[in-house]
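Subject: Structure for you to look at

Hello,

Here is the structure I said I would pass on. My notes on it follow below.

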Amino acid sequence: MKYEVIIYWSEPDQAFIAEMPELPGCMADGPTKAEALAAADLVAQAWIETAREQGRLIPEPKGRLSFA
């Protein structure tokens, strides 16, 4: 995926969270940064596949976001 991913530690979840801000609601978690990133890739693929099936707009990756 070419979308920006933000990874951070969540104390309440006791896991790393990986978010893709350009794909609304697209996030995953894992016990390590690498596992959170791998999970986010799978979730993003499913997000895009579902958006295609429903005829929704799929944003083009913009790379690094200025607010992130």
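Strands S1 and S2 form a hairpin, with four residues between them. In this predicted model, Gln14 sits in the loop that links S1 and S2. Its phi is near 50°, which is a positive value in a residue that is not glycine. At 47% relative accessibility, Gln14 is classed as partly exposed, because that value lies between the 20% and 50% cut-offs.

The two arms of the hairpin are S1, residues 6–10, and S2, residues 15–19. S1 and S2 pair in the antiparallel sense, over five bridges. As one example of the register, Ile7 has Ala18 in S2 as its bridge partner.

S2 also pairs with S3, again antiparallel, and here four bridges join the strands. On this side, Phe16 has Gly30 in S3 as its bridge partner. S2 thus has bridges to S1 and to S3. S2 is also mostly covered, with four of its five residues buried.

Ile17 is a useful residue to look at in S2. Is Ile17 buried or exposed? Ile17 is buried, because its relative accessibility is 8% and the cut-off is under 20%. Leaving aside residues up to four places away in sequence, Ile17 touches Ile6, Ile7, Tyr8 and Ser10, and also Met27, Ala28 and Asp29. The first four of these can be viewed with S1, residues 6–10, and the other three with S3, residues 27–30. For Ile17 and Ile7, the C-alpha atoms are 5.4 Å apart, with a separation of 10 residues in sequence.

In S3 the side chains alternate along the strand. Ala28 and Gly30 point to one face and are buried. Met27 and Asp29 point to the other face and are not buried. Gly30, on the buried face, is the residue bridged to Phe16.

Now the chain as a whole. The protein chain contains one helix and three strands, and along the sequence the pattern reads β-β-β-α. The C-alpha atoms fill a box of roughly 35 × 25 × 20 Å along the principal axes. The radius of gyration is 12 Å, which agrees with the value near 11 Å for a compact globule, because the chain has 68 residues.

Of those 68 residues, 28% count as buried. The protein chain exposes about 4,700 Å², and carbon and sulfur atoms supply 55% of that area. Among contacts between residues at least 6 apart in sequence, 30% join residues at least 24 apart.

On charge, the protein chain has 6 positive and 11 negative charges. The mean positions of these two sets are 9 Å apart.

If you open the model, I would begin with the hairpin of S1 and S2, then look at Ile17 and the residues it touches, and then at the alternating side chains of S3.

Regards

Key:
Residues are numbered from 1 along each chain as its sequence is written. This is a predicted model: local features need pLDDT of at least 70, side-chain atom pairs count only at pLDDT 80 or more; totals for chains, interfaces and linings use all residues. Side-chain values use heavy atoms; hydrogens and water are left out. Buried means under 20% relative accessible area, exposed over 50%, partly exposed in between (1.4 Å probe, protein chains only). Two strands pair if DSSP finds at least two bridges between them. The radius of gyration is taken over C-alpha atoms; the globule rule is 2.2 Å times the number of residues to the power 0.38. Contact means heavy atoms within 4.5 Å. Accessible areas come from the Shrake-Rupley method with a 1.4 Å probe; for residues, only the protein chains shown count as cover. Lys and Arg count as positive and Asp and Glu as negative; His and the chain ends are not counted. The place of a charge is taken as NZ of Lys, CZ of Arg, CG of Asp or CD of Glu.
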